[in-house]
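This report walks through one chain and its ligand, beginning with a strand pairing and working outward to the overall fold. Please keep the sequence and the structure in view while reading.

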Amino acid sequence: MISSGLGRVVAFTGAAGAVVGVVAGFRRRQAEFQAAALREFSRPSYNPPPAAYTGPVFKPRLDFPSRANPNNETFPWLDIDFRTEPEKYLYTVRDYCLEGNVECDFKVDQNQTRDWYHVPWMSSQPTGREPVHGLTMEKSSKQGMLSESQRREVQNWAVAFYNSPGANAVGQVWSLPWKPAQNGVTFPEGTVGFKPLFTQATEEEVPILKGSPVWKAAIAKTPREPGDRGPPVETRLIQMDVAVRDDRADIGWVFGTFVYHSSQSNDAPWRRLVPVCLQWGNDPDLTQQRYQEGARPVQTWNNPRIRELGILSGSRPYLGWLGRANGPVDNFKSCCASCHSTAAVPDKDNSVPRVVPPKDATPDQALRWFRNLAPGQAFQKGGKSLDYSLQLSSSISQYNQWKRSYLKNTLFGRLKDWWQEANPFQTVPPSGKDD
Ligand code: HEC
């Protein structure tokens, strides 16, 4: 009787110990996972700074504000009609983005005028941030795309920033660095995102770049091997994109772009960025056939001097599909608003939906990529909108890919650990000491 009672006590203690062990093991794995995710969340760059490099390095600013407009800013472009005064609107936004940033060379934590932030999780993949300025790899420009004298394919790299209202929305998605909120997000009015793009092309290759701001960046050795990085090389400011949340636009956003142009007489090189186009909708009805019949986009403003300024090279029919807004380094089968309208989660494989209409799409199918989606309306059925933010979309997709490989790499290790800790037959009792 006594011995069987004791047996029960021993069995009970063993089972309780096993449960404690499983819980402790699970908690430890979870803490390890969160610490690893936090490192990736704020990882400054894909490649470390080159050994011989002693200059400043990039550090993302990720302390997102908890309120949408913490400093009660006013947004002066909201008083300008972008349909009738597109250039004035764009110059106002441009100067807002440059204020204080040119002075600190875009190390935004040192900006004396206003707060700007980065998007996390942009360094996990081979196209991820380089270490000097935090640039990520963009589509490269094939020979002749930027000018007649550009005789090789050149790499383009960019870095994006959000102001406080934008960063507040980014912070809602990323309040837990190891678990993004995937129920969709909308950005408040007043949000501005901007993205200067730098090209590897030289002044000789693209003459309008003469005098352009130069950033040395540790980019890829060749466009085909994004992860194979070399020592810092000169890159030149060629384009700057802006995205402005504005309720008056058909899609709730105004997209605009500037190109650096040597002909501008301004002494400050960053202020030689010329407005090229502005877009407040996708022109959902503009088909190839209607274009051939003479129709043109009515929700895009293109600078009438684009050709004269040499911004559109001879081998390119238009900047964006059928005359819609786009930048010279962007894909001409798409346009700003089309590409950005695809920002949503999740698609089946938790990856970014295709940003450009597939090659074999019929004209009708292609129009699916040129709908005027409202903020909060997802591109795909059942998806959740990321409100035109492709950086958010990219950050979530990098997180998902990282998590998949983390779990794959550690699954067997975890099973083995769990088994050892939970095994009720082992001689040494499991301890719950890191509980
Ligand atoms: C072919 C697709 C494509 C086109 C066309 C495109 N973009 Fe983007 N854009 C992206 C992707 C992808 C990102 C995020 C990744 C990155 O920054 O490298 C992005 C990021 C941005 C950002 C940073 C904030 C954000 O929304 O993620 C801005 C601002 C921006 N683009 C503006 C523009 C403007 C303005 C145009 C037109 C002149 C444009 N884009 C055209 C794909 C595109």
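In this predicted model, Ala158 stands opposite Leu197 in β5. That pair belongs to the contact between β3 and β5, which run in the antiparallel sense and are joined over three bridges. Strand β3 also pairs with β2, again in the antiparallel sense, here over four bridges, and in this second pairing Ser141 stands opposite Val154 in β3.

How many of the residues of β3 are buried? Five of the five residues in β3 (residues 154-158) are buried, and the strand is accordingly described as mostly covered. In a regular strand the side chains alternate between the two faces of the sheet. Both faces of β3 are covered, with Val154, Asn156 and Ala158 buried on one side and Gln155 and Trp157 buried on the other.

Helix α3 (residues 164-173) is largely enclosed by the rest of the structure, because eight of its ten residues are buried. The buried residues of α3 are Ser164, Pro165, Gly166, Ala167, Asn168, Ala169, Val170 and Val173. Of these, Val170 deserves a further look: leaving out residues up to four places away in sequence, Val170 touches Phe64, Tyr117, Val119, Tyr162 and Leu392. Val170 is also named, together with Val93 and Phe198, among the residues with the most contacts inside the largest nonpolar core, which has 94 residues. In soluble globular proteins, nonpolar side chains tend to be buried together.

Two loop residues can be set side by side.

| Residue | Loop | C-beta neighbours within 10 Å | C-alpha separation |
|---|---|---|---|
| Arg61 | between α1 (2-41) and α2 (86-98) | 20, buried | Val119, 8.1 Å |
| Pro223 | between β6 (214-217) and β7 | 18, partly exposed | Gly21, 50 Å |

Arg61 counts as buried because 20 other C-beta atoms lie within 10 Å, and 20 or more is the cut-off for that class. Arg61 and Val119 are 58 residues apart in sequence, yet their C-alpha atoms are 8.1 Å apart in space. Not counting residues up to four places away in sequence, Arg61 touches Val108, Asp109, Tyr117 and His118. Pro223, by comparison, has 18 C-beta neighbours inside 10 Å and therefore counts as partly exposed. The C-alpha atoms of Pro223 and Gly21 are separated by 50 Å, with their positions 202 residues apart along the chain. Apart from neighbours within four places in sequence, Pro223 is in contact with Ser140, Glu153 and Gln155, and Gln155 is one of the buried residues of β3.

Which residues are closest to the ligand? The ligand is surrounded by 30 residues, of which Asp241, Cys336, Cys339, Leu390 and Gln391 are the closest. At least two residues of this shell come from each of β2 (136-141), β5 (192-199), β7 (233-245), β8 (253-260), α5 (336-341) and α7 (390-422). Sorted by class, the shell holds 14 nonpolar, twelve polar and four charged residues.

As for the chain as a whole, its secondary structure comes to seven helices and twelve strands, and its C-alpha trace spans about 100 × 50 × 45 Å along the principal axes. Buried residues account for 42% of the 435 residues. Among contacts between residues at least 6 apart in sequence, 69% join residues at least 24 apart.

Methods
Residues numbered from 1 in each chain as written. Predicted model: local features only at pLDDT ≥ 70, side-chain atom pairs only at ≥ 80, totals over all residues. Near = placed C-beta within 6 Å. Nonpolar A, V, L, I, M, F, W, Y, C, P; charged D, E, K, R; others polar. Core = buried A, V, L, I, M, F, W, Y, C linked by C-beta atoms within 7 Å. Buried ≥ 20, exposed ≤ 12 C-beta atoms within 10 Å, placed from the backbone. Contact = placed C-beta atoms within 7 Å. Pairing = 2+ DSSP bridges.
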